[in-house]
Amino acid sequence: MRAASPRFVALVGLLVLGTWGGHAEAQGRKAPPTKKGAPPAAAPATLPAPPGPPVSAIPPLSETLNDGARREYEAAKALYAMNDSKGAFYKFQAAYELFADPRLLWNMATCAKNLHQYADALLLVRKYQKLGGGLLTDEDRAEAAAVERALSALTTTFVFRGLVPGAEVSLDDKPVDRPQEPVVADLGPHRIAVKKPGFHPFHVTVTGRPMAEIPIDVQLAPELHQGTIVVNARAGDAIFVDGKSVGLGTYRGTVSSGGHQVRVTAKGMQPFQQEIILRDDETRTVPVTLEAEKSGVPAWMWVAGSVLVAASAATITAVIIGGSGGTEVVDKSRGVPPGSIQPGVVVTSF
């Protein structure tokens, strides 16, 4: 569909001239001076390129397509005539999937340009040049080369370095199929993300510059599934983590993620104990202030305080009855008569 390209080429022609002129100036090339009225200097001799096939030898695109591709192609032309470049692009693409004539790529590139998707258009033009073969004339190839230069001025290129094998790369939330190769993108800021199981994700925002190759140094840090425990106690207090002595007074250490037990003890002081759960890369600080033992009672008795209190309550509500072979302790709270062995009556040995 060569009729789809004139407006495209007219706009691109202006871009090509500006781009080419700027490139010549950057390289310091100047036209040789000529005398007034003298003919321009001849161009240096170069080897001629192999001639392309004559136009008459190339069958029209509509005649090469199969029936399904031709229907999609005709629908694409109709949509393009109604200025629906987006719909036309997908119809041209559908035709190409049914019959891979490379000339359809040129029409897809035209639609992509109209949608201001210059990177997609550039890649399609390059693919068109690569696969065109005998279907492209010399004029077609010259036109494609000019368009390629113009689109290059509207795009940038990212090169990913330090990729871990198997890492997934996305550009603006769209997956990159071959991140090991240079990635062409439109100008402006782009969100880049790299991820792989077992590693922390890598994120960066980079602004593309015209015709620049921008390196992206990817740094994937492995997930270690560990955290940090910090214990701040009084100088001389003994600190234990998971039953292991780790220091006196203060402690800072890296441990695996999950549950851990922190215990702090000192002579004449009530021991401190706390269970904590660490998430990955979390730091937990445990401040500890030990309290003195109450009324001089040893700390081990307070640890078992709940057992002692329970025993005292049981003594108050029981009646001891003597007998041969042992003593019966009757729980009056349950209304069990003395002298019978029922639930609530316990035979003791003292």
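In the predicted model, the buried residues of helix 6 are Ala-119, Ala-121, Leu-122, Leu-124, Val-125, Tyr-128 and Gly-132, and the elements that cover these residues include helix 4, helix 5, helix 7, strand 1 (155-161) and strand 4. Helix 6 comprises 15 residues and extends 20 Å from its first C-alpha to its last, which is close to the 21 Å expected at 1.5 Å a residue. Directly after helix 6 comes Gly-133, with a positive phi near 55 degrees. The loop between helix 6 and helix 7 holds Thr-137, which counts as buried because its relative accessible area, 8%, is under 20%. Although Thr-137 and Ala-57 are 80 residues apart along the chain, their C-alpha atoms are separated by 9.8 Å.

Within helix 6, Val-125 is in contact with Trp-106, Ala-109, Ala-144, Val-147, Glu-148 and Leu-151, when its neighbours within four places in sequence are left aside. Val-125 also belongs to the largest nonpolar core, a set of 30 residues in which Val-125, Tyr-73, Phe-92, Leu-104 and Met-108 have the most contacts. Two or more residues of this core come from each of helix 3 (67-81), helix 4, helix 5, helix 6 and helix 7 (138-152), and the greatest contribution, seven residues, is that of helix 5. A second core, separate from this one, has 17 residues, among them Phe-160, Ala-167, Val-183 and Val-194.

Helix 4, with 14 residues, reaches 20 Å from its first C-alpha to its last, close to the 20 Å expected at 1.5 Å a residue. Its buried residues are Ser-85, Gly-87, Ala-88, Phe-89, Phe-92, Ala-95 and Tyr-96, and the packing partners of these buried residues are helix 3, helix 5 and helix 6. In the loop between helix 3 and helix 4 lies Asn-83, a residue other than glycine that nevertheless has a positive phi, near 65 degrees. Asn-83 is classed as exposed, since its relative accessible area of 59% is over 50%.

Helix 4 and helix 6 also take part in the largest pocket, where at least two lining residues are supplied by each of helix 4 (85-98), helix 5 (103-114), helix 6 (118-132), strand 3 (174-175) and strand 4 (183-186). This pocket has a volume of about 1,400 Å³ and a lining of 32 residues, with Ala-119, Asp-120, Leu-123, Asp-177 and Val-184 nearest its centre. Helix 6 provides the largest share of the lining, seven residues. By residue class, the lining consists of 16 nonpolar, four polar and twelve charged residues. Ala-119 is thus named both among the buried residues of helix 6 and among the lining residues that lie nearest the centre of the pocket.

Elsewhere in the chain, His-225 is found in the loop between strand 7 (213-217) and strand 8 (226-232). Phi of His-225 is positive, near 50 degrees, in a residue that is not glycine, and with a relative accessibility of 45% His-225 counts as partly exposed. Taken as a whole, the protein chain contains nine helices and 17 strands, and 34% of its 350 residues are buried. Of the contacts between residues at least 6 apart in sequence, 51% join residues at least 24 apart.

Methods:
Residues are numbered from 1 along each chain as its sequence is written. This is a predicted model: local features need pLDDT of at least 70, side-chain atom pairs count only at pLDDT 80 or more; totals for chains, interfaces and linings use all residues. Side-chain values use heavy atoms; hydrogens and water are left out. On a 1 Å grid over the protein atoms alone, a cavity is a set of points where a 1.4 Å probe fits but cannot get out, and a pocket is an open set with protein on both sides within 12 Å along at least five of seven lines; lining residues have an atom within 4 Å of a point. Grid points are joined across faces, edges and corners, and a volume is the space filled by probe spheres set on the points. Helices (H or I, at least four residues) and strands (E, at least two) are DSSP runs, numbered from the N terminus. Ala, Val, Leu, Ile, Met, Phe, Trp, Tyr, Cys and Pro count as nonpolar, Asp, Glu, Lys and Arg as charged, and the others, Gly among them, as polar. A nonpolar core is a set of buried Ala, Val, Leu, Ile, Met, Phe, Trp, Tyr and Cys residues joined through side-chain atoms within 4.5 Å. Buried means under 20% relative accessible area, exposed over 50%, partly exposed in between (1.4 Å probe, protein chains only). Contact means heavy atoms within 4.5 Å. The expected span of a helix is 1.5 Å times one less than its number of residues.
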